[in-house]
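Please open the structure in a viewer and keep the selection tool at hand. The tour below proceeds by stops, each with something to select and a description of what is found there.

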Amino acid sequence: MRRLNAIVWGAMLAFGAFVILQSLKHNYYGSDFGPGPGFFSFWLGVLLMALSLAQMVMTYRRPAEPLPAGFIPGREGVTRMVCIIGALAAALLMMTTLGYSLTMLGFCIFLLHRLGRQPWWLTLVLAAVASFGTAYLFGLLQVMLPKGVLGLM
């Protein structure tokens, strides 16, 4: 289990370094007042690297443990993973056509209904708040989001 944890946290550490390197290609400070496009991604990469290092240290400080029984996911686990990856791929493909808000609405409805155990009305409310709420928040932060062919949000 220790080796698996080291591989996962090592990959996250490398991804954090990649995010930092990519953020350096953008302006750290904005043209007006406030942070630029490289600010958030730089600090996100730093945080990811710091947390990955902390997890690696914690992994090697605790006693080694064997892989748990049934570690390889069964049919239900594989189905859940395929649903998540498929939903992400569909969202990526539909983003320019439907725009951010409608794509995220469909994405959230699908995942909450497929993977959650709440009633339909709660799924619809949570999906609407998540998709349109994040679109509003990104609008306040002046982040450009795809509007899609309908031109909604």
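## Starting in the loop

Select glycine 74 to begin: its relative accessibility is 43%, so glycine 74 counts as partly exposed. The model on display is a predicted one. Glycine 74 belongs to the loop between α2 and α3. Now add lysine 25 to the selection. The two residues are 49 residues apart along the chain, and 43 Å separate their C-alpha atoms.

## The two domains

Next, colour the chain by domain. The domain assignment gives domain 1 as residues 2-61 and domain 2 as residues 75-140. Taken over C-alpha atoms, the centres of domain 1 and domain 2 are 26 Å apart.

A pair of residues offers another view of the chain. Select threonine 79, which is found in helix α3, together with alanine 50. In sequence threonine 79 and alanine 50 are 29 residues apart, and from C-alpha to C-alpha the separation in space is 33 Å. Threonine 79 has a relative accessible area of 29% and is therefore partly exposed.

## The pair α1 and α2

Two packed helices are described by the angle between their axes and the distance between the axes. Select α1 and helix α2, the latter covering residues 37-61. Their axes lie 8 Å apart, and the packing angle is about 160°. How are α1 and α2 directed, roughly parallel or roughly antiparallel to each other? Angles over 145 degrees count as roughly antiparallel, and α1 and α2 are therefore roughly antiparallel. The crossing of these two helices, α1 and α2, is left-handed.

Remain here and select asparagine 5, placed in helix α1, which spans residues 2-23. Asparagine 5 has a relative accessibility of 19% and so counts as buried, the limit for buried being under 20%. Which residues does asparagine 5 touch, not counting those up to four places away in sequence? They are Thr59 and Arg62.

## The pair α3 and α4

Move on to α3 and α4. The axes of α3 and α4 come within 8 Å and cross at roughly 165°. These helices, α3 and α4, are therefore roughly antiparallel to each other. The crossing of α3 and α4 is right-handed.

To display the contact, show side chains on both helices. Among the α3 residues that take part are Cys83, Ile84, Ala87, Leu88 and Met95. On the α4 side, the participants include Tyr100, Met104, Phe107, Phe110 and Leu111. Threonine 79, visited earlier, is also one of the α3 residues in this contact.

## The pair α4 and α5

Keep α4 selected and add α5. Here the axes are 8 Å apart, with α4 and α5 packing at an angle of about 145°. The crossing of α4 and α5 is right-handed. Residues of α4 in this contact include Tyr100, Ser101, Met104, Leu105 and Cys108, while those of α5 include Trp120, Thr123, Ala127, Ser131 and Phe138.

Two residues deserve a stop of their own:

- Leucine 105 is placed in helix α4. Its contacts, not counting residues up to four places away in sequence, are Ala127, Ala128, Ser131 and Phe132. The C-alpha atoms of leucine 105 and serine 131 are separated by 5.2 Å, although the two are 26 residues apart along the chain.
- Threonine 123 is placed in helix α5. Its relative accessible area is 0%, so threonine 123 is buried. Not counting residues up to four places away in sequence, threonine 123 touches Ile109, Leu112, His113 and Gln118. From threonine 123 to phenylalanine 110, 13 residues away along the chain, the C-alpha separation is 9.0 Å.

## The nonpolar core

In soluble globular proteins, nonpolar side chains tend to be buried together. For the last stop, select Tyr100, Met104, Phe107 and Leu111, the residues with the most contacts inside the largest nonpolar core, which has 13 residues. Each of α3 (75-98), α4 (100-115) and α5 (120-140) supplies at least two residues of this core. Which helix gives the largest share of this core? The answer is α4, with seven residues.

Finish on tyrosine 100. Leaving aside neighbours within four places in sequence, tyrosine 100 is in contact with Met95, Ser131, Thr134, Ala135, Phe138, Leu145 and Pro146.

Note on methods: Residues are numbered from 1 along each chain as its sequence is written. This is a predicted model: local features need pLDDT of at least 70, side-chain atom pairs count only at pLDDT 80 or more; totals for chains, interfaces and linings use all residues. Side-chain values use heavy atoms; hydrogens and water are left out. Domain bounds come from an automatic or database domain assignment. Helices (H or I, at least four residues) and strands (E, at least two) are DSSP runs, numbered from the N terminus. Buried means under 20% relative accessible area, exposed over 50%, partly exposed in between (1.4 Å probe, protein chains only). Contact means heavy atoms within 4.5 Å. A nonpolar core is a set of buried Ala, Val, Leu, Ile, Met, Phe, Trp, Tyr and Cys residues joined through side-chain atoms within 4.5 Å. Axes are lines fitted to C-alpha atoms, for helices over the stretch in contact, and angles run from 0 to 180 degrees between N-to-C directions. Angles under 35 degrees count as roughly parallel, over 145 as roughly antiparallel, 65 to 115 as roughly perpendicular and the rest as oblique. A crossing is left-handed if the near helix is turned anticlockwise from the far one by less than a right angle, and right-handed if clockwise.
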